[in-house]
Each structure stands twice: as structure tokens, then as C-alpha cells.
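Me: Please take a close look at one part of this model, the salt bridges and what surrounds them, and describe it in one connected answer.

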Amino acid sequence: MTHGPRHHPREDEKQRQTHELNPARDLDFRRSGRSRHENDGIAAFFTDGNLALASLDVWLEPPPPRLKEADSFDTVRGDMPSSRPNRRRRVERREVRDARRARRFALLALLAIVLVIALLLTAFGGSSRTFEPLAFADAAASAQTKPFPQVVALHGAVRLQMPVAQRQSTAIGYHAATDGAIALTPVGHQGNEGVIQKVLHRFFGGGGGHPVWYQLDGGSTSALDVGAAPGTSVYAPVDGTVVGITPYVVAGHRFGSRIDIQPQSAPSLVVSLTQIRADPSLQVGTNVVSAASRIGVVVDLARIERQALARYTNDSGNHVSVELRPAATLVLN
């Protein structure tokens with residue numbers, strides 16, 4: 001401070017001037033409730049003039065903003081159910097429906113492929129079965145045993161039993177006869193059935209059971225061939241009476257006999273067995289019992305003809321053939 005004309009430090013220590021705001025020695029200013037300058041001119045100027053507004057703008061901070069209170073309709077009551085579980089359930093249902101649709105489409109596509117393959121296989125022929133070669137001479141030379149009762153074919157009241165011991169039989173086949181034989185109904189299931197038949201039987205059932213038989217041609221099932229090695233014993237397929245024993249001739253050569261049996265269950269019919277050598281004790285009028293009466297043995301025809309049953313056996317396909325005819329045919333012959 002410089003010494004001016006109005007500068008009187010000693011007097012000012014005791015009595016302040018009106019132009020002074022806050023003397024340096026006024027130690028009680030902050031402890032007092034009101035400012036000592038409120039009656040001064042300068043203080044009034046700051047309070048009532050433009051500087052008062054400026055001071056308020058500079059020194060007074062605006063109050064902090066208050067958050068807007070949410071309206072009553074902006075909130076959800078605590079007891080109201082949420083829509084998220086419903087949306088989740090709808091999504092899950094949609095996924096389940098899509099998965100079910102995909103499975104159905106895959107199944108239909110698989111069935112279509114199977115049907116196409118079946119049609120192709122049917123168009124280009126059936127399948128045959130291959131076997132490993134076995135020594136059937138030992139089986140023929142072994143002790144002969146009787147077959148246990150087993151029906152292999154049907155027609156009305158006639159029940160044709162297995163004519164060869166089961167463990168000595170190589171295969172069972174059916175083909176069409178050429179001289180008016182009656183079609184038989186096979187028992188068991190077809191071993192060489194087509195793919196379509198297999199699919200139908202798999203999905204809808206049927207086609208099962210024993211024994212397994214094979215269709216040897218595209219004709220009917222009027223001739224039953226039961227495979228066995230040459231020399232295997234043959235037994236009567238029905239209960240009845242022997243009404244005929246005649247030579248069986250192939251290509252001008254005799255190969256065994258033809259034995260005709262009149263079944264007790266159907267006297268108007270005749271069961272004929274061929275490719276068999278008749279037992280010496282067998283005579284016309286002899287009564288026979290199915291699966292118990294021995295009537296002959298299997299002969300060997302492999303040296304003069306190729307036998308269809310050989311496709312499903314591991315030998316040359318020798319067999320005994322059984323056919324069913326009306327009795328009038330036997331009389332005419």
C-alpha cells in the first residue's frame with residue numbers, strides 16, 4: 001500500500017471506512033450470522049444492482065436435478081404374470097413341431113429310397129443264397145432217423161408232413177408242376193422273397209414262422225421239393241393207403257418209382273411222390289402213417305439234369321418231390 005491522502009492506518013484500525021469491504025483485522029466476520037457490509041453502499045450495490053445477479057450466477061450453484069417420478073402406468077404390478085414364459089413355451093412348441101416334421105420327412109424319404117431299390121431289384125431278378133460246401137455223404141451214411149411231425153404244406157383237409165428227417169433236409173422249394181397238380185399253400189416263410197415283401201412284412205407283420213422255403217421259379221406252388229442227399233430215407237407225408245407204385249422215367253431212363261397215396265382226410269385226392277426208390281416191402285394196398293412209415297430212399301438225378309434246388313443248397317440239389325392231384329387223374333393214367 002502507498003501512502004495516499006486518505007490513507008490513515010492508525011485511525012482505520014479503530015473505525016473502518018465505508019469503501020472498505022472487509023478490513024483485514026475484522027476477525028469476527030465469519031463467526032457472525034450476517035455480513036457487516038449489508039448496510040454499506042457497496043454491499044447494497046452488490047445486492048440491488050446488476051452485479052448482484054452476476055454474483056448469483058457465478059457463486060450460486062443450481063440445485064441438483066430431480067429424477068422424474070414414474071407414472072403409475074409405467075410400472076407392472078408385482079403380482080401380474082410375465083409374458084416371457086409364454087413366449088418361451090411358444091418357441092419350444094415350434095421347435096418340437098419342426099423336429100417332428102423333419103423326422104417324418106426323413107422317414108418318407110427312406111421309404112421312397114427302399115421302394116426304388118426294391119423295384120430295381122425286382123426288375124433285374126431275385127437273389128440266391130450261397131453256401132459253404134459240406135460233406136453230405138456222411139449225413140446219408142449216418143443212422144437214419146424218423147422226422148418229427150411237422151406240417152410243411154396245406155390244401156383243404158390235406159396236411160402234408162415233412163417226409164425227411166429235419167436234420168437231414170437240405171432245403172425246401174416250390175415250383176410249378178406241368179401235369180395238372182393242385183397248388184399248395186406253403187407253411188413258414190419264404191427265404192428269397194422280394195424287397196417289397198420284406199418291407200411290408202417288417203412294417204405290417206406276417207411272413208414269419210418255420211420252416212424256410214424258396215420259390216424256385218415264377219410259377220405256382222403245385223410241386224413241393226424237399227432236399228436230401230441220395231440214400232436218405234423217405235417217410236409217408238400223410239396217413240392213407242398206397243394206391244400205386246409205378247416207374248419214374250426221366251430222359252428214357254428209370255430213376256426210382258412214383259408212389260401214390262390216397263389220404264384218409266381227402267379220399268378224392270392222391271399224394272404222389274417221385275425221385276424215390278420204393279422200399280421192397282411196400283405194396284399197393286399198404287396202409288401208411290405220416291412221419292412214421294418208411295416208403296423208400298432218395299435217388300440221385302444230378303448226373304442227368306441240373307436241379308433248381310441246388311441254388312439254395314450246398315450240394316447238387318437232389319430231393320424228393322411231392323404233388324397233390326385229383327384221384328380221377330390217377331384213374332385216367
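Reply:

**A salt-bridge network and its setting**

In this predicted model, Asp179 forms a salt bridge with Arg325, and the closest N and O atoms of the two side chains are 2.5 Å apart. This pair links distant parts of the chain, since Asp179 sits in the loop between E3 and strand E4 (185-186), while Arg325 belongs to strand E14, 146 residues apart. The two partners also differ in their cover: Asp179 counts as partly exposed because its relative accessible area is 38%, whereas Arg325, at 5% relative accessibility, falls under the 20% limit and therefore counts as buried.

Arg325 has a further partner in Glu323, with the closest N and O atoms 2.1 Å apart in that salt bridge. Both Arg325 and Glu323 are buried. Through shared partners, the salt bridges join Asp179, Glu323 and Arg325 into one network. As a general background to such contacts, side chains of opposite charge can pair when their charged atoms come close.

The structure holds five salt bridges, and another of them offers a useful comparison with the network just described. Asp98 forms a salt bridge with Arg101, where the closest N and O atoms are 3.0 Å apart. Because Asp98 and Arg101 are three residues apart in helix H4, about one helical turn separates them. Asp98 has a relative accessibility of 41%, so this residue counts as partly exposed.

Helix H4, which spans residues 84-123, also contains Arg104. Arg104 counts as exposed because its relative accessibility is 54%, which is over the 50% limit. Arg104 is one of the residues that gather in a patch of positive charge on the surface, together with Arg87, Arg88, Arg89, Arg90, Arg93, Arg94, Arg97, Arg100 and Arg103.

Returning to the strands, E14 (319-326), where Arg325 lies, is among the elements that give two or more residues to the largest nonpolar core. This core has 32 residues, of which Leu160, Leu224, Ile261, Leu273 and Ile295 touch the most other members. Other strands giving two or more residues include E1 (151-155), E2 (158-161), E3 (169-175) and E10 (253-263). Strand E11 gives the most to this core, with four residues. Strand E14 is thus tied to two parts of this account, holding Arg325 of the salt-bridge pair and giving residues to the nonpolar core.

Key. Residues are numbered from 1 along each chain as its sequence is written. This is a predicted model: local features need pLDDT of at least 70, side-chain atom pairs count only at pLDDT 80 or more; totals for chains, interfaces and linings use all residues. Side-chain values use heavy atoms; hydrogens and water are left out. Patches are made of residues with over 30% relative accessible area and no salt bridge: like charges are joined within 9 Å, nonpolar side chains (Val, Leu, Ile, Met, Phe, Trp, Tyr) within 5 Å. Accessible areas come from the Shrake-Rupley method with a 1.4 Å probe; for residues, only the protein chains shown count as cover. A salt bridge is a side-chain nitrogen of Lys or Arg within 4 Å of a carboxyl oxygen of Asp or Glu. Lys and Arg count as positive and Asp and Glu as negative; His and the chain ends are not counted. The place of a charge is taken as NZ of Lys, CZ of Arg, CG of Asp or CD of Glu. Buried means under 20% relative accessible area, exposed over 50%, partly exposed in between (1.4 Å probe, protein chains only). A nonpolar core is a set of buried Ala, Val, Leu, Ile, Met, Phe, Trp, Tyr and Cys residues joined through side-chain atoms within 4.5 Å.
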